[in-house]
Amino acid sequence: MPAHSDAGSPRATAPAVRPRYLAMIVTGLLALPTVLLSVAIILVLGAWVGIWFVVTAVVVWVLFGVMLFDAAWFTPNRAKFAKASGFRRPIPPEDELLAAAWKQVTSAPGVDGWPYSLWVEQSDDPNAFAVPSRIVAVTSSVLAELDSRQLEAMLAHELGHHLNVDPRLRLVDTWLAMPGRVLWAVCRRLGRIAGILGPLAPFARLIAAVGLLPVVVIVLTPVVGVGAALLFVVLLVVEPLTRSAQCHRDEYAADRAAVDLGYGRELAAGLRGWAAETTPPLDALRDRFYSTHPPLVPRIRKITARLGE
């Protein structure tokens with residue numbers, strides 16, 4: 001595969017990485033509600049079911065953390081970790097496309113591409129992932145539909161995630177968020193029932209979510225007291241907001257890295273294509289505050305500003 005031409009593209013430079021200490025402080029503050037929610041979930045269920053549940057849940061939580069760090073950091077087995085994440089090894093000609101694109105992305109001064117492992121998720125949705133243990137994955141549709149320069153832009157963005165967040169910090173975050181993520185996964189699964197309402201589904205989910213908050217207080221008050229019940233509800237409201245803020249912060253940092261690597265215009269062009277799709281107003285409002293990705297228009301604006309255009 002011939003190398004791409006850099007004509008008309010900004011010169012690639014080493015991405016500007018946020019100071020580690022500052023990133024860790026901000027990340028810690030934004031992660032605090034997640035930690036508190038995880039602890040609160042275990043304590044509330046323990047007060048409801050019994051102390052044996054608390055002991056069992058804590059043991060399982062600790063064992064999960066030990067296995068996570070062992071598989072991803074201490075004695076890394078990337079194949080097992082990648083397959084557990086739903087990825088497969090690239091097959092011909094995917095392996096050649098990925099290798100060539102990755103070589104171009106990591107050719108900037110000060111960037112080392114060898115510690116990373118490239119994988120593929122079989123999916124029709126165009127997407128890419130930066131996973132702990134220095135794994136970078138793209139969906140099969142990305143390899144089938146994007147040209148070389150667009151593929152490189154997507155990989156540059158994912159490399160930015162790895163460069164801007166210490167992998168050990170990512171693992172700690174994954175571990176601490178486990179109880180909360182289980183709770184939200186259950187809530188999302190229950191929320192799918194509203195899908196039978198079609199266009200009214202977002203309104204039904206919003207009404208149900210708001211209406212359930214006082215119900216949670218009423219149900220938990222006899223078990224843990226009114227103060228603890230109110231605190232639990234506050235965490236249910238605040239935690240998704242802070243987690244979304246952290247995700248948005250990481251996405252903007254990854255975008256900046258992609259711009260510094262010389263892929264700002266390609267990344268902005270791809271985002272403009274997605275921004276052209278119509279999103280219902282309520283879904284757009286939800287995505288603004290609760291989505292793992294920031295709205296596309298501000299992302300494009302920040303990219304073009306960094307490009308000086």
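**View 1. Helices α9 and α10 cross in a right-handed sense.** A crossing counts as right-handed if the near helix is turned clockwise from the far one by less than a right angle, and as left-handed if it is turned anticlockwise. The model is predicted: local features need pLDDT of at least 70, side-chain atom pairs count only at pLDDT 80 or more, and totals for chains, interfaces and linings use all residues. Residues are numbered from 1 along each chain as its sequence is written, and side-chain values use heavy atoms, with hydrogens and water left out. Helix α9 (residues 201-224) packs against α10 at an angle of about 145 degrees, and their axes are 7 Å apart. Axes are lines fitted to C-alpha atoms, for helices over the stretch in contact, and angles run from 0 to 180 degrees between N-to-C directions. Helices (H or I, at least four residues) and strands (E, at least two) are DSSP runs, numbered from the N terminus. On the α9 side, look for Leu-213, Val-216, Val-217, Leu-220, Thr-221 and Val-224, which meet Val-226, Ala-228, Ala-229, Leu-230, Phe-232, Val-233 and Val-237 in α10. This contact of α9 with α10 has 12 nonpolar residues, 1 polar and no charged. Here Ala, Val, Leu, Ile, Met, Phe, Trp, Tyr, Cys and Pro count as nonpolar, Asp, Glu, Lys and Arg as charged, and the others, Gly among them, as polar.

**View 2. Helix α10 (residues 226-260) also passes helix α13 (residues 296-307), with axes that come within 10 Å.** The two axes cross at roughly 35 degrees, and this crossing is right-handed. From α10 come Glu-251, Tyr-252, Asp-255, Arg-256, Val-259 and Asp-260; they meet Pro-298, Arg-299, Lys-302, Ile-303, Arg-306 and Leu-307 in α13 (contact means heavy atoms within 4.5 Å). By class, the residues of the contact of α10 with α13 are 5 nonpolar, no polar and 7 charged.

**View 3. His-248 sits in helix α10.** The relative accessible area of His-248 is 11%, so the residue is buried (under 20%; over 50% is exposed, and in between is partly exposed, with a 1.4 Å probe and protein chains only). Leaving aside residues up to four places away in sequence, His-248 touches Asp-287, Arg-288, Ser-291, Thr-292, His-293, Pro-294 and Pro-295.

**View 4. An open sheet of 3 strands has the order β1-β3-β2, with mixed pairing.** Its edge strands are β1 (117-121) and β2 (128-131), each pairing on one side only. From one strand to the next, the twist averages 25 degrees. Strands β1 and β3 (residues 135-139) run parallel and are joined by 5 bridges; two strands pair if DSSP finds at least two bridges between them. Ser-117 has Ile-135 in β3 as its bridge partner, and Val-120 stands opposite Val-138 in β3. In β1, 4 of the 5 residues are buried, leaving the strand mostly covered.

**View 5. Strands β2 and β3 form a hairpin with 3 residues between them.** The pairing of β2 and β3 is antiparallel, over 4 bridges, and Phe-129 faces Ala-137 in β3. Two residues in the loop deserve a closer look. Ser-133 has phi near 75 degrees, a positive value in a residue other than glycine, and Arg-134, also a residue other than glycine, has a positive phi near 55 degrees. Ser-133 is buried because its relative accessible area is 6%, while Arg-134 is partly exposed at 31%.

**View 6. Two loops are worth a visit, one with a cis peptide bond from Pro-92 to Pro-93.** For that bond, omega is near 0 degrees, and Pro-93 lies in the loop between α3 (78-84) and α4. The other loop, between α6 (148-164) and α7 (167-176), holds Asp-166. Asp-166 is buried, with a relative accessible area of 19%. Its C-alpha atom is 9.3 Å from that of Pro-132, 34 residues away along the chain.

**View 7. Helix α2 (residues 51-74) has the length its 24 residues suggest.** The end C-alpha atoms of α2 are 32 Å apart, which agrees with an expected span of 34 Å (1.5 Å times one less than the number of residues). Its buried residues are Val-54, Ala-57, Trp-61, Gly-65, Leu-68, Phe-69 and Ala-72. An α-helix has 3.6 residues a turn, so residues three or four places apart point the same way.
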